[in-house]
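The following note is offered to a colleague who is meeting this structure for the first time. Please read the numbered points with the sequence and the model side by side.

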Amino acid sequence: MMQFTDTPPPTLHQIITTPYSNNLPIMMNKNQTYHTRLWPGFPTSKSLGTNFGDANCMEQLLVHCAKAIETNDATLAQQILWVLNNIAPQDGDSNQRLTCAFLRALIARAARIGSCKVLAAMANSQANFTIHTHKFSVVELASFIDLTPWHRFGFTAANAAILEAVEGYSVVHIVDLSLTHCMQIPTLVDAIASRQDGNVSPPLLKLTVAGTMEDVPPMLDLSYEELGSKLVNFARSRNITLEFRVIPSSYTDGFANLIQQLRVQNLVYAESGEALVVNCHMMLHYISEEALTLPAINPNPISSGSTSSYAFDVASSSLSSSLRTMFLKELRGLDPTIVVLVDEDVDLTSNNPVCRLRSAFNYLWIPYDTLDTFLPRGSKQRQWYEADVCWKIENVIAYDGFQRVERLEPKCRWVQRMRNANFRSVSFGEDAVSEVKAMLDEHAAGWGLKREEEDVVLTWKGHNVVFATAWMPA
């Protein structure tokens, strides 16, 4: 039997036990014989390739480990984790740090699902498994976002599409569903201010946000009310009048309260001629895409004073749908002037954790790789950046059900969803493309831009990273 000693908790790089080490937190029984052969089922170097440090090999080891955990093969999982621990230090190169993050996530999964009790005990006793995400000030978050085009690409493309769609409107209502806590808004305000010729007054901006993303990084160290005050003051400094409103609403129910409040407002301002802009920046994938059975729903919640459920047309809805589908249909019912949808171009929706691991590994190498081009080891910004990526990896791998909120879908699937909801795509113009290219020139040479039909896609070394799409009611 294995027993825990009373020694202090080790670091992650010390934690994986093997028959080949005698200074580890979990010790072998004195009477147990050490064997030098690999345990049955262990992937050989021949099957993995000759280089254990190769990214493909690391991926295969992670896959084998995930399968061992799912089948409760603690012996095999433990040995693979030992190998990974020795070839993937947490302060190594980009592939090693990526693999180390997945190693943590696999051990966390073992702890959560109760398989491989030895590994679960490791995670439960190990304080170093906690991911310490940073709470940003507004200045820190703005600087953090400026590090790479990951978010700036979407900001730039979306702003160009929005400006073209709202030209001539005296009132522009922006619903900002953004992971970055309105950090796009100052760039949009600047763009609006720069287009004024002095003869025409700038439009009145109404900004509505759903204040519910405190549990998902990046996180702010101030309230949305405080943030709104700063945005109003910033807009005033650009001679733009901005009204700010927070509607408590959550992705867990498909932003039902937000939709409800917007529907009420549409009834009030239907004849005012204001433009309604819905800016969705890496937020919609938190709405569950899993099929569910529709409950009995009040067909007219506005008149009854309800603010907690959608006013779905149950007769025209299938019995099995998803919150994601419902949200888009309700969004279409608001008849917005334009909807901009920006998100990461990867599929992390599989119910099979091994499939999710493969998809995540072959996508999330990108942020680690980009960091090596401009942030030195040990820098605080690098630590913050990688902690946020580690959080995503752990959520994708270690969690199931509604606790798994990182449910990214590729562009092709979002395009189909939007068309099914009766939206038509809008092409990004040459001005938008030129602005995005100018922004990319400020960053490393590996970043690129490509057009896919009406849409634009951010790439890193030729691999799709983030897509931007624009939509109008069909």
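1. N422 counts as partly exposed, at 39% relative accessibility. In this predicted model, N422 sits in the loop between α16 and β12 (423–426). Its backbone deserves attention: N422 has a positive phi of about 75° although it is not a glycine.

2. A second asparagine should be read alongside that one. N239 also has a positive phi, of about 60°, and is not a glycine. Its place is in the loop between α10 and β7 (242–247). Is N239 buried or exposed? N239 is exposed, because its relative accessible area is 63%, and the cut-off for exposed is over 50%.

3. Another backbone feature to inspect is the peptide bond from P217 to P218, which is cis, with omega near 0°. P218 belongs to the loop between β5 and β6.

4. For orientation, the overall composition is as follows. The protein has 17 helices and 15 strands. Of its 474 residues, 55% are buried. Among contacts between residues at least 6 apart in sequence, 76% join residues at least 24 apart.

5. The interior may be considered next. The largest nonpolar core has 139 residues, and L177 and I393 are those with the most contacts inside it. Which helix gives the most to this core? It is helix α8 (residues 149–165), with ten residues. As for I393, its contacts beyond neighbours within four places in sequence are L98, A101, F102, A105, L364 and Y368.

6. Helix α15 also holds V396. At 0% relative accessibility, V396 counts as buried, since the cut-off for buried is under 20%. With residues up to four places away in sequence not counted, V396 touches L348, R356, A360, R404 and E406. A C-alpha separation of 7.7 Å is found between V396 and L357, which are 39 residues apart along the chain.

7. The packing of α15 (residues 380–398) against helix α7 (residues 138–145) merits a separate check. Their axes come within 11 Å and cross at roughly 80°. This angle makes α7 roughly perpendicular to α15, because angles of 65 to 115 degrees are counted in that way. On the α7 side the contact is made by E140, S143 and F144, and on the α15 side by Q381, W384, Y385 and D388. By type, the residues of this contact divide into three nonpolar, two polar and two charged.

8. L222 is found in the loop between β6 (219–220) and α10 (224–237). Is this loop residue, L222, buried or exposed? L222 is buried, with a relative accessible area of 15%. Its contacts, not counting residues up to four places away in sequence, are V138, L227 and K230. The C-alpha atoms of L222 and F136 are separated by 8.5 Å, although these residues are 86 apart along the chain.

9. Two charged residues with low accessibility should be examined as well. K206 lies in strand β5 (residues 204–210) and is buried, with a relative accessible area of 14%. Which side chain is joined to that of K206 by a polar contact? The partner is E274, and the polar contact between the two side chains is 3.1 Å.

10. The other charged residue is R417, in helix α16 (residues 411–420). R417 is buried as well, with a relative accessible area of 16%. Where residues up to four places away in sequence are not counted, R417 touches E289, S322, R324, T325, L328 and E409. The reader may wish to view R417 together with N422, whose loop lies between α16 and β12.

Notes
Residues are numbered from 1 along each chain as its sequence is written. This is a predicted model: local features need pLDDT of at least 70, side-chain atom pairs count only at pLDDT 80 or more; totals for chains, interfaces and linings use all residues. Side-chain values use heavy atoms; hydrogens and water are left out. Axes are lines fitted to C-alpha atoms, for helices over the stretch in contact, and angles run from 0 to 180 degrees between N-to-C directions. Helices (H or I, at least four residues) and strands (E, at least two) are DSSP runs, numbered from the N terminus. Angles under 35 degrees count as roughly parallel, over 145 as roughly antiparallel, 65 to 115 as roughly perpendicular and the rest as oblique. Contact means heavy atoms within 4.5 Å. Ala, Val, Leu, Ile, Met, Phe, Trp, Tyr, Cys and Pro count as nonpolar, Asp, Glu, Lys and Arg as charged, and the others, Gly among them, as polar. A nonpolar core is a set of buried Ala, Val, Leu, Ile, Met, Phe, Trp, Tyr and Cys residues joined through side-chain atoms within 4.5 Å. Buried means under 20% relative accessible area, exposed over 50%, partly exposed in between (1.4 Å probe, protein chains only). A polar contact is a pair of N or O atoms within 3.5 Å; within protein, one must be able to donate a hydrogen and the other to accept it, and residues adjacent in sequence count only if both atoms are side-chain atoms.
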